[in-house]
Amino acid sequence: MSAAASPVAWAFEPLDVPAFVACEFRVKWAAGDWERGEAMALRRAVFCEEQGVFEGDDLDAIDPQAQTLVALSQMGGMPDQVVGTVRIHQAEPGLWWGSRLAVHAAFRHHGRIGATLIQLAVASAHARGCRVFLAHVQQQNVPLFERLHWQALKEETLHGRPHMLMQADLSHYPPCLDVYTGYVSRSGAGRRPA
Ligand SMILES: CC(C)(COP(=O)(O)OP(=O)(O)OC[C@H]1O[C@@H](n2cnc3c(N)ncnc32)[C@H](O)[C@@H]1OP(=O)(O)O)[C@@H](O)C(=O)NCCC(=O)NCCS
């Protein structure tokens, strides 16, 4: 009997079922070694391997004083993967900075993950006495930040690349105190993004 005619072979024909992909993301301050370690791995993948901004790793003198935020994909309500991260730190009383914003390449333009990380970054600093929140934004992302109520202050070159110094309009970022609960963002997508 040919394979095509075999009832056993027929029974195991692969079905064209899309891979399940998380469509709910919790954005929160990182807690514990797993969340922090996965966030660092994502930063290396984006800033060292993908963009080639740094060689080896992207750690610097800010990391020991910074707070890491993560976006966690959720499966059945349980954390599955760190798909986004950003860090914040207070440089002087009232002056906060955000940096190392990164979303896993497969999850970009997917569930407003980057926008929600920015929202929590600024809102949680706002709740802790922030009066000015700044970031050096890569030039290609300036329109994203402008849509999120950031103002361009000054063009600059960092790591040999064009950046814009930008400031968040705090009136659009109500203080967030419950930073380990954070926010949930959702996408309507049912397929793994290309
Ligand atoms: C920049 C980055 C963090 C954005 O993350 P993301 O999860 O794809 O962004 P979001 O889906 O939250 O974007 C929110 C909205 O802005 C849009 N948007 C995203 N990036 C944009 C950009 N560079 N320019 C203009 N619009 C943008 C999205 O399409 C989305 O639009 P919608 O509200 O109509 O759906 C991500 O592309 C990334 O990690 N890039 C590589 C690393 C990097 O550049 N880091 C930033 C250094 S400043």
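**Exercise 1.** Is Arg100 buried or exposed, and why?

*Solution.* Start with the cut-offs: buried means under 20% relative accessible area, exposed over 50%, and partly exposed in between (1.4 Å probe, protein chains only). Arg100 has 13% relative accessibility, so Arg100 counts as buried.

A note on the basis. This is a predicted model, where local features need pLDDT of at least 70, side-chain atom pairs count only at pLDDT 80 or more, and totals for chains, interfaces and linings use all residues. Residues are numbered from 1 along each chain as its sequence is written, and side-chain values use heavy atoms, with hydrogens and water left out.

**Exercise 2.** Find the salt-bridge partner of Arg100 and place both residues.

*Solution.* A salt bridge is a side-chain nitrogen of Lys or Arg within 4 Å of a carboxyl oxygen of Asp or Glu. The side chain of Arg100 meets Asp58 at 2.9 Å, N to O. Arg100 sits in strand β4 (residues 95-103), while Asp58 is in the loop between α2 and β2; the two are 42 residues apart. Helices (H or I, at least four residues) and strands (E, at least two) are DSSP runs, numbered from the N terminus. Asp58 has 2% relative accessibility, so Asp58 counts as buried.

**Exercise 3.** Which parts does the pair Arg43 and Asp63 tie together?

*Solution.* Their closest N and O atoms are 2.9 Å apart, a salt bridge. Arg43 lies in helix α2 (residues 32-50) and Asp63 in the loop between α2 and β2 (67-75), so the pair ties together parts 20 residues apart in sequence. Both residues, Arg43 and Asp63, are buried.

**Exercise 4.** How many salt bridges does the structure hold?

*Solution.* Nine. A network of them links Arg43, Asp58, Asp60, Asp63, Arg87 and Arg100.
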